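Me: I should like to learn how to read the strands, the pockets and the cysteines of a protein model. Could we take them in turn?

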Amino acid sequence: MFTYALDDQIELRPLALQHARPLFHLTDRSRDRLREWLPWVDAIREVEHTANFVKNAIKQGAENGGISAGIWVDDEIAGLISYHQIDWNNRSVSIGYWLGKEFEGKGIMTSACRTFVDYALMDMDLNRVEIRCATGNHRSRAIPERLGFVLEGIVREAEKLPQGYVNHAVYGMIQNEWKLLR
């Protein structure tokens with residue numbers, strides 16, 4: 001993946017090992033907000049944990065199995081967006097994302113997701129993109145809804161978070177639908 005400017009202030013950059021420290025600090029500053037919806041947050045206790053995540057993301061990208069990009073706002077890391085494991089046989093992928101709390105509510109993630117969906121469906125020629133969000137995570141759910149995704153269903157007790165199991169809303173976008181929305 002290459003660096004991609006979303007506008008004059010925001011760009012997507014492929015993850016590199018030197019991003020581990022600022023990514024860890026962003027996670028740490030946003031820990032209370034993130035742990036409400038992301039089960040991995042409590043396991044990230046030091047820079048080395050984030051460095052291991054970055055190494056795995058780079059390896060997965062090199063093996064053509066996924067892409068993780070940092071979201072940068074005015075040269076400060078603001079969050080992360082990723083293609084989870086790409087299913088090349090079925091030409092589909094799931095997108096995951098998160099932002100530091102100080103970057104929420106500014107349209108940053110909607111713009112990043114729009115770019116990732118467009119790249120997956122148009123440039124990579126995948127047929128399907130899926131986004132799953134906890135049903136109670138209204139900020140996260142608003143993103144696929146804004147982008148025209150179809151709510152395909154609810155998966156009960158799909159993920160265990162510190163407060164217990166949560167249901168997931170499953171949103172899908174098909175290549176032919178996306179072409180009509182572009």
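Reply: We begin with strand pairing in this predicted model. Strand S2 (residues 10-14) runs antiparallel to strand S3 (residues 67-73), and 5 bridges join the two. Within this pairing, Pro14 stands opposite Ala69 in S3.

Me: Which strand besides S3 should I examine, and how many bridges join S1 to S2?

Reply: Strand S1 (residues 4-5) is joined to S2 by 2 bridges, and these strands also run antiparallel. Tyr4 has Leu12 of S2 as its bridge partner. S1 and S2 form a hairpin, with 4 residues between them.

Me: What should I bear in mind about side chains when I look at a strand?

Reply: In a regular strand, successive side chains alternate between the two faces of the sheet.

Me: Which residues does the domain annotation cover?

Reply: An annotation is read as a statement from a record and is then set beside the model. The unreviewed UniProt entry carries the annotation "domain: N-acetyltransferase" for residues 10-177. In the model, that span is 35% helix and 35% strand, and its end C-alpha atoms lie 27 Å apart.

Me: How should I read the largest pocket, and which residues lie nearest its centre?

Reply: One may take the volume, then the lining, then its chemical character. The largest pocket holds about 1,100 Å³ of space. Its lining has 46 residues, and those nearest the centre are Leu38, Gly96, Tyr97, Trp98 and Ser140. Elements giving two or more residues to this lining include helix H1 (20-29), helix H3 (47-62), strand S5 (92-99) and helix H5 (138-146).

Me: Which element gives the most to that lining, and how do its residues divide into nonpolar, polar and charged?

Reply: S5 gives the most, with 6 residues. The lining of the largest pocket divides into 24 nonpolar, 15 polar and 7 charged residues.

Me: How many disulfides does a search of the whole structure find?

Reply: The search finds 0 disulfides. Cys113, for instance, is in no disulfide, and the nearest cysteine sulfur, that of Cys133, is 8.6 Å away.

Me: Why is the sulfur of Cys133 not bonded to that of Cys113?

Reply: The test is distance: a disulfide requires two cysteine sulfur atoms within 2.5 Å. The closest cysteine sulfur to that of Cys133 is in Cys113, and because they are 8.6 Å apart, they are too far for a bond.

Me: Is Cys113 buried or exposed, and is Cys133 buried or exposed?

Reply: The cut-off for buried is under 20% relative accessible area. Cys113 counts as buried because its relative accessibility is 0%. Cys133 has a relative accessible area of 3%, so Cys133 is buried.

Terms used
Residues numbered from 1 in each chain as written. Predicted model: local features only at pLDDT ≥ 70, side-chain atom pairs only at ≥ 80, totals over all residues. Heavy atoms only, no water. Buried < 20%, exposed > 50% of the residue type's maximum accessible area, 1.4 Å probe, protein only. UniProt positions renumbered as here; feature names shortened; annotations may be inferred. 1 Å grid on protein atoms, 1.4 Å probe; cavity = no way out; pocket = protein on both sides within 12 Å on 5 of 7 lines; lining within 4 Å. Points joined across faces, edges and corners; volume = space filled by probe spheres on them. Nonpolar A, V, L, I, M, F, W, Y, C, P; charged D, E, K, R; others polar. Pairing = 2+ DSSP bridges.
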